[in-house]
Amino acid sequence: MSGSSADNASSWSRLSSLGRKDIEAGRKPLRMLVTGREGQVVSALVELGWHQEEFEILALGRPDLDLADTRSIDGAITARRPDIIVSAAAYTAVDQAETDKASAHAVNSIAPGEIGRVASRLGIPVIHLSTDYVFDGTKTSPYEETDPTNPLGVYGRSKLEGEYALAAATDDHVILRTAWVYSPFGRNFLKTMLTVAATRDHLSVVDDQQGNPTSALDIADAIVTVARNLLQERASTLRGTFHLAGRGAASWADFAAGIFETSRPMGGPSAELARITSADYPTAARRPANSRLHTAKLASVHGVTMPDWQSSMRTVVSRCLPLRDNNHQNPSKI
Ligand SMILES: NC(=O)C1=CN([C@@H]2O[C@H](COP(=O)(O)OP(=O)(O)OC[C@H]3O[C@@H](n4cnc5c(N)ncnc54)[C@H](OP(=O)(O)O)[C@@H]3O)[C@@H](O)[C@H]2O)C=CC1
Ligand SMILES: Cc1cn([C@H]2C[C@H](O)[C@@H](COP(=O)(O)OP(=O)(O)O[C@H]3O[C@@H](C)C(=O)[C@@H](O)[C@H]3O)O2)c(=O)[nH]c1=O
Ligand SMILES: [Mg+2]
């Protein structure tokens, strides 16, 4: 697909045939511009766009919109003038960010400020995705929105700076801090577990980091609800920072165990799990021991409640099976 294909108006209608019907009936769907092309959250929103008529989704990524290039951000948004922007793209390689600070900073810290400036000039609300990794993990209960931040690594720090930059540029924003995102799309822990288990009988996974596995499919539903609220009401109480995460906590080892328990009876890959400590699994970036998020504010203000992580995980595992050819090396095991 040529990069300029997203540059014409047909990109909007191609993503939502139902939206076209609305246009013909004189009811125009609301136009949601989402940053990124192949990412998990953007893909989930594009898929959702196929099944509802309220929003028409435009996924806009490189080269049409390059977050590392502030001029391209201004040009891309100004040319399309959407009703709402979802800032879903980011530099998400947590370990790589430790040695690629400049890229993480450009994409995660600078770009959200530029998106906010352009959106403010055009009067467009922004929903921005951020992360549980803004916290250091020393709290022993779930983190609330007002808790002090203290990122342990470059990725978390760069995302926190992005929150500040967006908030400084526009009041008309919602920052959704989410966590441990998985989906049938892109790269994520769930797909890694299935892929590795297709070729290995034993797997070691850390058991001393607690968080909330969150399905990008559920995030997309939540974003649509928040977008609807922002476009209906200007109230400042609807704006600000909110935590959005799957219900229930898990360690990465618990998450892996759940994935294998679901996959095995479906005839999918599974492996024997060794529960290890972070010290036994050295990584470039430190990760919080506890990054569970308290989500009551989003429920009370926006009416968003999330399913428990186990039920959403089962949906995603079943969608990932059988593994695609390029996802496994040993087809006889699945
Ligand atoms: N993944 C996770 O576990 C978590 C993610 N988050 C946050 O949620 C949001 C969505 O994450 P997720 O969907 O998982 O992300 P992914 O890693 O799946 O996708 C990242 C997206 O960012 C795009 N992107 C990266 N660099 C640029 C750039 N320079 N210009 C334009 N687009 C770029 C990628 O583009 P392309 O499509 O071209 O590859 C891709 O679409 C992010 O803000 C992330 O920080 C928060 C908590 C957990
Ligand atoms: C693949 C693998 C990972 N691990 C550990 C490493 C790490 O501590 C943990 C998770 O590893 P991952 O690299 O998949 O996940 P990680 O990159 O830490 O995921 C994070 O991504 C960013 C974008 C976020 O915003 C966070 O919310 C979080 O989802 O599991 C094992 O113990 N065994 C394994 O086989
Ligand atoms: Mg990772």
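The following exercises, each with a worked solution, concern a predicted model.

Residues are numbered from 1 along each chain as its sequence is written, and chains are lettered from A and ligands numbered from 1 in the order in which they are written. Local features need pLDDT of at least 70 and side-chain atom pairs count only at pLDDT 80 or more, while totals for chains, interfaces and linings use all residues.

**Exercise 1. The sheet**

Determine the strand order of the open sheet and identify its edge strands.

*Solution.* Begin with the elements: helices (H or I, at least four residues) and strands (E, at least two) are DSSP runs, numbered from the N terminus. Two strands pair if DSSP finds at least two bridges between them. On this basis, 6 strands form an open sheet in the order S2-S1-S3-S4-S5-S10, with parallel pairing. Strands S2 (55-60) and S10 (240-243) are the edges, since each pairs on one side only. Direction ignored, neighbouring strands of this sheet are turned by 20 degrees against each other on average; the axes behind such angles are lines fitted to C-alpha atoms, for helices over the stretch in contact, and angles run from 0 to 180 degrees between N-to-C directions.

Next, take one pair within the sheet. Strand S1 (residues 30-35) and strand S3 (residues 84-87) run parallel and are joined by 3 bridges. Leu33 has Ile85 in S3 as its bridge partner. Finally, add the helix: H7 (residues 154-169) lies across S4 and strand S5 (173-178), and runs at about 155 degrees to S4.

**Exercise 2. The ligand shells**

Describe the residues around ligand 1 and those around ligand 2.

*Solution.* A residue is near a molecule or strand if its C-beta atom, placed from the backbone, lies within 6 Å of it. Ligand 1 has 28 residues around it, of which Gly36, Glu38, Gly39, Ala89 and Ala90 come nearest. The elements giving two or more residues to this shell are helix H3 (40-50) and strand S4 (126-131). The largest share, 3 residues, comes from H3.

For the classes, Ala, Val, Leu, Ile, Met, Phe, Trp, Tyr, Cys and Pro count as nonpolar, Asp, Glu, Lys and Arg as charged, and the others, Gly among them, as polar. The shell around ligand 1 then divides into 14 nonpolar, 9 polar and 5 charged residues.

Ligand 2 is surrounded by 19 residues, the closest being Thr92, Val94, Thr131, Phe189 and Val206. Helix H8 (189-197) and strand S7 (202-206) each supply at least two residues of this shell, and S7 gives the most, with 4 residues. By class, the shell around ligand 2 has 11 nonpolar, 6 polar and 2 charged residues.

**Exercise 3. Helix packing**

Characterise the packing of H8 with H10, of H10 with H12 and of H3 with H9.

*Solution.* Two packed helices are described by the angle between their axes and the distance between the axes. Angles under 35 degrees count as roughly parallel, over 145 as roughly antiparallel, 65 to 115 as roughly perpendicular and the rest as oblique. A crossing is left-handed if the near helix is turned anticlockwise from the far one by less than a right angle, and right-handed if clockwise. Two residues are in contact if their C-beta atoms, placed from the backbone, lie within 7 Å.

1. The axes of H8 and H10 come within 10 Å and cross at roughly 60 degrees; H8 and H10 are therefore oblique to each other. Their crossing is right-handed. Phe189, Leu190, Met193, Leu194 and Ala197 in H8 meet residues of H10 including Trp252, Phe255 and Ile259. This contact comprises 10 nonpolar residues, 1 polar and no charged.

2. Helices H10 (residues 252-263) and H12 (residues 309-320) pack at about 50 degrees, their axes 10 Å apart, and are therefore oblique to each other. The crossing of H10 and H12 is right-handed. Gly258, Ile259, Thr262 and Ser263 in H10 meet Gln310, Met313, Arg314 and Val317 in H12. The contact holds 3 nonpolar, 4 polar and 1 charged residues.

3. The axes of H3 and H9 (residues 216-232) come within 8 Å and cross at roughly 65 degrees, and the crossing is right-handed.

**Exercise 4. Backbone geometry**

Locate the cis peptide bonds at Pro63 and Pro322.

*Solution.* The bond from Arg62 to Pro63 is cis, with omega near 5 degrees, and Pro63 lies in the loop between S2 and helix H4 (70-80). The bond joining Leu321 and Pro322 is also cis, with omega about -5 degrees; Pro322 lies in the segment after H12.
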